Amino acid sequence: MSTIKADNIANRTGSLTKATSSIIWGSAAAWVVFNGTTNVGGNCDVLNSHNVSSVSDLGVGEYQINFSSALASPDYCVTGMPQRSGTNDDVNIAIKFGTTPTTTALRIAARTSSSGATQDPSRVCVAVFVS
């Protein structure tokens with residue numbers, strides 16, 4: 001088996017390039033799965049991740065995802081999904097109101113869809129995409 005070692009890969013014309021680290025780990029610049037109900041030393045229990053150093057617990061339903069390596073731009077796309085056990089109420093996550101995403105961290109909030117009250121989901125999955 002052969003190994004190709006390169007920092008970047010480009011299309012045939014060279015007009016589009018992508019860091020090979022992004023290709024190796026998938027197209028997400030960062031992603032994390034964490035337990036929003038745990039708080040050990042101010043951090044949530046990270047179950048699995050790529051390019052995430054920690055998830056800070058900022059209070060009920062409020063978290064800060066800290067990136068291991070800074071992203072190329074603060075203008076990234078975020079998608080996520082929480083899971084809450086023991087209740088019939090749906091939970092949504094969003095970028096925390098009043099905060100601005102940065103290249104090193106992202107603040108999110110988890111709220112019930114019926115009342116808008118903050119909640120700690122048992123499982124939170126977040127992926128970040130940036131070009």
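This section describes the fold, the nonpolar core and one partly exposed strand residue of a predicted protein model.

The secondary structure of the protein chain consists of 1 helix and 10 strands, and these elements follow one another along the sequence in the pattern β-β-α-β-β-β-β-β-β-β-β. The C-alpha trace extends over about 55 × 30 × 25 Å along its principal axes. Of the contacts between residues at least 6 apart in sequence, 50% connect residues that are at least 24 apart.

Confidence in the prediction was examined for the chain and for its elements. The mean pLDDT of the protein chain is 88, and 92% of the residues reach a score of at least 70. Among the elements, strand β6 has the highest mean pLDDT, at 98, whereas helix α1, comprising residues 20-24, has the lowest, at 63. Where pLDDT is low, predicted coordinates should not be read in detail.

With respect to solvent, 33% of the 131 residues of the protein chain count as buried. The chain exposes about 8000 Å², of which 50% is supplied by carbon and sulfur atoms. Its charged side chains number 8 positive and 8 negative, and the centres of these two sets lie 8 Å apart.

The largest nonpolar core contains 18 residues, among which I65 and F67 touch the most other members. At least two residues of this core are supplied by each of the strands β3 (30-40), β5 (52-59), β6 (62-67), β9 (105-112) and β10 (123-129). In soluble globular proteins, nonpolar side chains tend to be buried together. When residues up to four places away in sequence are left out, the contacts of I65 comprise V32, V52, S54, V55, T104, A105, L106, I108 and V126. Of these partners, V32 is also touched by S49, again with residues up to four places away in sequence not counted.

S49 itself is located in strand β4, which covers residues 43-50. This residue counts as partly exposed because its relative accessibility is 28%, a value that falls between the limits of under 20% for buried and over 50% for exposed residues. Beyond the four neighbouring places in sequence, the residues in contact with S49 are W31 and V32. The C-alpha atom of S49 is separated by 17 Å from that of C77, a residue 28 positions away along the chain.

Methods: Residues numbered from 1 in each chain as written. Predicted model: local features only at pLDDT ≥ 70, side-chain atom pairs only at ≥ 80, totals over all residues. Heavy atoms only, no water. Helix = DSSP H or I, 4+ residues; strand = E, 2+ residues; numbered from the N terminus. Buried < 20%, exposed > 50% of the residue type's maximum accessible area, 1.4 Å probe, protein only. Contact = heavy atoms within 4.5 Å. Areas by Shrake-Rupley, 256 points an atom, 1.4 Å probe, with all protein chains shown as cover. Lys, Arg positive; Asp, Glu negative; His and termini not counted. Charge placed at Lys NZ, Arg CZ, Asp CG, Glu CD. Core = buried A, V, L, I, M, F, W, Y, C linked by side-chain atoms within 4.5 Å. pLDDT = per-residue confidence, 0-100.
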